[in-house]
Amino acid sequence: MSRRTMLFIFLLVCIFASVSTTNAVTDPADTSALNEMYTYLNTPGQLTKWVASGGDPCGESWLGVTCVGTRLTEINLAGLGLSGAIGYQLTSLTSLLRFDVSNNYLSNQLPYQLPPNVTYLNLAGNSFNGNLPYSISGMTSLQYLNVSHNQLQNQLPDMFQKLAALTTLDLSSNLLSGNLPTSFSSLTSMKSMYLQNNQLTGVIDVLANLPLEDLNIENNHFTGWIPERLNSINLQKDGNKFDSGPAPPPPPGTPPLSPIAPSGDRRDPGGNDTPSSGSGTGGGRNAGSSGGGGSKSGIGVGIAVVVVSVLLIGAIVVFFLLKRKRSKRSSADIEKPDKLSFNPVPTKDVLEIKTVQTSSAPDAKNYEFPTIINLKPPPSERSKSRSFSEEDFTNKQIFIKKVNASTTDLPSYSIADLQMATSSFDIENLINEGCFGRVYRAQFEDGKVLAVMKMNSMIFSDSEDFIGLVSNISQLRHPNITELVGYCSEHGQHLLVYDFQKNGSLHDLLHLSDEESRPLTWNTRVKIALGSACALEYLHEKCSPSVIHKNFTSANLLLGSELNPQLADCGLASSISKADQVLNQDREPGCCAPEILMSGQYTVKSDVYSFGVVMLELLTGRKPFDSSKLRAEQSLVRWATPQLHDIDALTKMVDPTLKGLFPVKSLSRFADVIALCVQPEPEFRPPMSEVVESLVRLLERANLSRRTVVNGQGASQPSDSPDTYDYM
């Protein structure tokens, strides 16, 4: 082959490579995120080549976009005069390393959904308000964070534990208040921190051990003493209320802190023998410590006395611990609880349930709810449980050891029995298909009807794990939790047998019922809300350890007699090792908390968020996510949350099947509870015990006289409906 021919072939290869690179198709998730971001910006004509749908950001070289291959690695839109918001799909930008929208006119709250793997995040110089998004806590690669010159407010969330890579943090010129979070001490790479021009309070001791080089805390409300080690860095501290006298000695037993300065520059913990650093505060402390050796010797004697006392008390404690340990060894009948089991707290005789007549009409049932809590004895004991049901329940405390089939009290069904009862698991008997398996209606020869969950075959590695799950779930006893009544473990098959709830699920009643079916009245909806809240309160606060449901949806809220709610799948996700992986692959859109999208980790607070979503379903009659709606209304939480505190908008978004028959004050208070539950930051969501108390108070305020209600057009009219009350 001639040299000219080889050169020609090489040029062709280069041309084809260039064309293929130029026409690279951007990852669809990245494109969708930029499309949505474009729609939330107000007429961003300066963003050349950007479009609201489709397009190829990498192949078409959209303004401010940098790619590697088909993935976005950088978005730089700084100083372009943009206004509006930045969208809510940024979590899909998983390859993005730098995100800069600084010095624009962007407003509204910072979205919870931020690019999860960025190392550089600059949102400064805009008009963002609200809180610092808690999702930042999961950005473990973040090195630079700048949200300065915005309108952020409230106390800083305690969310910095995992940000060890962060070297620069700029929170200056906002409206932040409260004390510095203790998790600041985890910022072990921090070099530059700017907190000036806020309303921060308290002491700054949490910054003492950080490897800071630059620290600006001017114009806040800090008090106390400046840690001596911070005097050796570039410190700007004017405009605070720091004490200028000598700092008090640390508490006895406090280990000496390792200084930021070289190890040869040793400092006294009390602030004495401090090398001159040119800082005014350091000079003040040196002057205060020159009062002679008398104070030093006095402090030394005091410390010595305390040390001797501590040693003496420690010896006594060790003696009694050894004695107690010997006595425990002599008791052969005590078994150590298995760490995977959860023990419901004893709940016998803890709550006085009063029957309250809510209406004289046939539709309004005489149902029971806790109106007066009588804890017996003593009143201050915390390990008590509330219920919301037609009857109270009791439960003895159980300590579970490692179990096998012979130690489970529940009846064991055979595969043959269950096949016969379900017509060989015929599709006509299929009730539901969830994350962990299919649920079938089973009718036995004696006429009894039960629900059988046929677990997915890949969930359990052996039968022993399954029997452990059965033992754990069987301990959960609450009127608002579906009761496990049996199980089957044969030939590699694992099945759970539950009570059957003839009224189906809340999801079916809200979203699949025909127009002729009887709609849920307002009182019934509040009753369902309270019952499901009691179930979660029991799981979170009455079980030890707490049980996280992880899949609280309207499909898992079954409705028993008189539409009493029964929460299904309780204890499954807490006992199955692969549960999180299964749930993350098969989650229902719009139901899970924002932090789960970031980290995939579930907490009791993510359950609270999901509870709020289901309550929005009860309120509006809408699904958590409905692609048939307009784009701005597809996500129920995003659409409904801004309207929860606007009474006019609130009354218009109520489920139309109620036909305006609802009490306005009750509606407003119900919306307040929902707004707290769907807060984007987990730490601001209430515990379920507070939700239960709020719903109980809402019912207690029921006025039995008929009141004025609001019709669908927002106008008031007298009502003859028996199910309408004005909650004072």
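## Two antiparallel helix pairs

Helix 15 and helix 16 run roughly antiparallel to each other (angles over 145 degrees count as that, under 35 as roughly parallel, 65 to 115 as roughly perpendicular and the rest as oblique). The angle is about 175° and the axes lie 10 Å apart, with helix 15 covering residues 664–677 and helix 16 residues 688–700. Axes here are lines fitted to C-alpha atoms over the stretch in contact, and angles run from 0 to 180 degrees between N-to-C directions. On the helix 15 side, the contact uses Ser 666, Arg 669, Phe 670, Val 673 and Cys 677, and helix 16 answers with Val 691, Ser 694, Leu 695 and Leu 698; contact means heavy atoms within 4.5 Å.

Helix 8 (residues 522–542) and helix 12 (residues 604–620) pack too, at about 170° with axes 11 Å apart. That pair is therefore also roughly antiparallel. Helix 8 brings residues including Trp 522, Ile 528, Leu 536 and His 540, which meet a helix 12 set that includes Val 604, Phe 611, Met 615 and Leu 619.

## What kind of model this is

This is a predicted model, where local features need pLDDT of at least 70 and side-chain atom pairs pLDDT 80 or more, while totals for chains, interfaces and linings use all residues. Residues are numbered from 1 along each chain as its sequence is written, and side-chain values use heavy atoms, leaving out hydrogens and water.

## The whole protein

The protein has 16 helices and 29 strands; these are DSSP runs numbered from the N terminus, helices being H or I with at least four residues and strands E with at least two. Of its 728 residues, 46% count as buried (under 20% relative accessible area, with exposed over 50% and partly exposed in between, using a 1.4 Å probe and protein chains only). Among contacts between residues at least 6 apart in sequence, 55% join residues at least 24 apart.

About 35,100 Å² is exposed, and carbon and sulfur atoms supply 53% of that. The areas come from the Shrake-Rupley method with a 1.4 Å probe, and for residues only the protein chains shown count as cover.

## Rings and charges

Searching the whole structure turns up 10 aromatic pairs. Rings of Phe, Tyr and Trp (its six-membered ring) pair if their centres lie within 6.5 Å, with planes under 30 degrees apart stacked, over 60 edge-to-face and the rest tilted. Phe 425 and Tyr 440 have ring centres 5.2 Å apart and planes at 70°, so they make an edge-to-face pair. Phe 425 sits in the loop between helix 5 (415–421) and strand 20 (430–433), and Tyr 440 in strand 21 (residues 437–443), so the pair ties together parts 15 residues apart in sequence. Phe 425 is buried at 13% relative accessibility, and Tyr 440 is buried at 5%.

Phe 425 has a charged partner as well: Lys 454 lies over its face, 4.5 Å from the ring centre. The charged end of Arg 622 sits over the ring of Trp 639, 3.7 Å from its centre. For this, NZ of Lys or CZ of Arg must be within 6 Å of the ring centre and within 35 degrees of the ring normal. Trp 522, Phe 662 and Phe 670 form one aromatic cluster.

## Two residues to click on

Leu 469 lies in helix 6 (residues 463–474) and is buried at 1% relative accessibility. Its C-alpha is 7.3 Å from that of Leu 572, 103 residues away along the chain.

Ser 177 belongs to strand 11 (residues 175–179) and is partly exposed at 26% relative accessibility.
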